[in-house]
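Dear colleague,

I am passing on the structure that we spoke about, and below it you will find my notes on what turned up when I went through it. Please read them with the structure open beside you.

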Amino acid sequence: MTPVPGRVAGIDDSGCRCLTAAGPVLALPGPDVVPVVGDWGLLTGDDLVAVLPRASAVRHGRGPDDVRGEVLAANADVVLVVVAFADGLTPEPIERLLGLAAASGAAPVLVLSQVDRAPDGPRLRSVLADLAVLAEGCPGTPVVGVSTVPGHPGEAGLARLRRLLPVATTAAVIGAPGAGKTTLVDVLGGRNIEAGHPDGGRAGAGHPGGGRPGGGLVPLPGGGVLLDTPGCPAGGPGGGADWLAERYLIRSRAASRARWRAGPRGRRGLAGGA
């Protein structure tokens, strides 16, 4: 039987949900095949016999002994780093997530979600300006503030974010648990979220084709896909640094931190937060 190509859309205890030209297939990976969402592979019947080389991979290192890192998503063109608006944001976790995105081989986009929580416009603009300073550690990274609350001005950020995801783009979405990734994926994917519930009343629910909370491949209206990933703590065990992010960021952090310290009020956190 001639192997056929397919893309991994989700993984659960029953196997890999793969999309092929002939339709979806529930496949069982071979003993030496370790797929992740976004992988392209070869299928023989309902067996996933090989994973093809990855054009990019978002990896989360769990310590110095984790020499390769856990792959969260594969073959993304863009990585959306989602950070929720909150008082007291600090630069370190955001830097680490940006480092993971940039080290993946894909183009990072820094997304400030839940901007409707900002007490006023000046506060929001100040936080976005601080994030722009951090984004300079990964040159060319756009910073977009978004809200999924109908009628909020932050909806304009959603329109800008959609323009950054052209037809046929594969975008991975990463962020810490509670950052608003799943709600953002639902809205960008054209799904309706329950009115009055920022998490659509389904916090922690997996997507069809996902099989684990917050993981799966979600089609975008008009073309392209989102790779929704599990919550990714911006650090290793016990909140320590993610060594893969540190390896990428070590050369860029000094210049960024110099500007950070020179900013308004000698800020320690974002926009003068603690």
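**The barrel and the sheet**

In this model, which is predicted, a closed barrel of 5 strands runs in the order β1-β2-β3-β5-β4, and its pairing is mixed. From one strand to the next, the twist in this barrel averages 55°. Within the barrel, strand β2 (residues 15-20) and strand β3 (residues 23-29) pair in the antiparallel sense over 5 bridges, and one of the residues involved is Leu19, whose bridge partner in β3 is Pro24.

There is also an open sheet of 6 strands, ordered β10-β9-β8-β11-β13-β12, again with mixed pairing. Its edges are formed by β10 (143-145) and β12 (216-219), and since each has a single partner strand, one side of each is left without a neighbour in the sheet. Neighbouring strands of this sheet are turned by 25° against each other on average, if direction is ignored.

**Strand β11**

Inside that open sheet, β11 pairs in the parallel sense with β8 over 4 bridges, and Val81 has Ile174 of β11 as its bridge partner. β11 also pairs in the parallel sense with β13, likewise over 4 bridges, and here Ala171 stands opposite Leu226 in β13. How much of β11 is buried? The strand is mostly covered, with 5 of its 5 residues buried. Thr170, Ala172 and Ile174 point one way from the strand, while Ala171 and Val173 point the other way, and all of them are buried. As background, side chains in a regular strand alternate between the two faces of the sheet.

**The nonpolar cores**

The largest nonpolar core holds 34 residues, of which Val79, Val81, Leu110, Leu112 and Leu131 touch the most other members. At least two residues of this core come from each of β7 (70-74), β8 (78-84), α1 (91-103), β9 (107-113), α2 (121-135), β11 (170-174) and β13 (225-228), and α1 gives the most to this core, with 6 residues. To take one member in detail, and not counting residues up to four places away in sequence, Leu112 touches Val83, Ala84, Phe85, Leu89, Leu124, Val127, Leu128, Leu131, Val144, Gly145 and Val146. A second, separate core of 20 residues includes Val109, Ala171, Val185 and Leu226. In soluble globular proteins, nonpolar side chains tend to be buried together.

**Val109**

Val109, which has its place in strand β9, has a relative accessible area of 5% and is therefore buried, the cut-off for that being under 20%. Leaving out residues up to four places away in sequence, Val109 touches Val78, Val79, Leu80, Val81, Thr141, Pro142, Val144, Leu161 and Leu164. Val109 and Gly140 are 31 residues apart in sequence, and their C-alpha atoms are 8.8 Å apart in space.

**Helices α3 and α4**

Finally, the axes of helix α3 (residues 155-163) and helix α4 (residues 181-188) come within 11 Å and cross at roughly 70°, which means that α3 is roughly perpendicular to α4. Where they meet, Leu158, Leu161 and Arg162 in α3 are in contact with Leu184, Val187 and Leu188 in α4. The residues of this contact divide into 5 nonpolar, no polar and 1 charged.

With best wishes

Terms used. Residues numbered from 1 in each chain as written. Predicted model: local features only at pLDDT ≥ 70, side-chain atom pairs only at ≥ 80, totals over all residues. Heavy atoms only, no water. Axes fitted to C-alpha atoms, helices over the stretch in contact; angles between N-to-C directions. Parallel < 35°, antiparallel > 145°, perpendicular 65-115°, else oblique. Contact = heavy atoms within 4.5 Å. Nonpolar A, V, L, I, M, F, W, Y, C, P; charged D, E, K, R; others polar. Pairing = 2+ DSSP bridges. Core = buried A, V, L, I, M, F, W, Y, C linked by side-chain atoms within 4.5 Å. Buried < 20%, exposed > 50% of the residue type's maximum accessible area, 1.4 Å probe, protein only.
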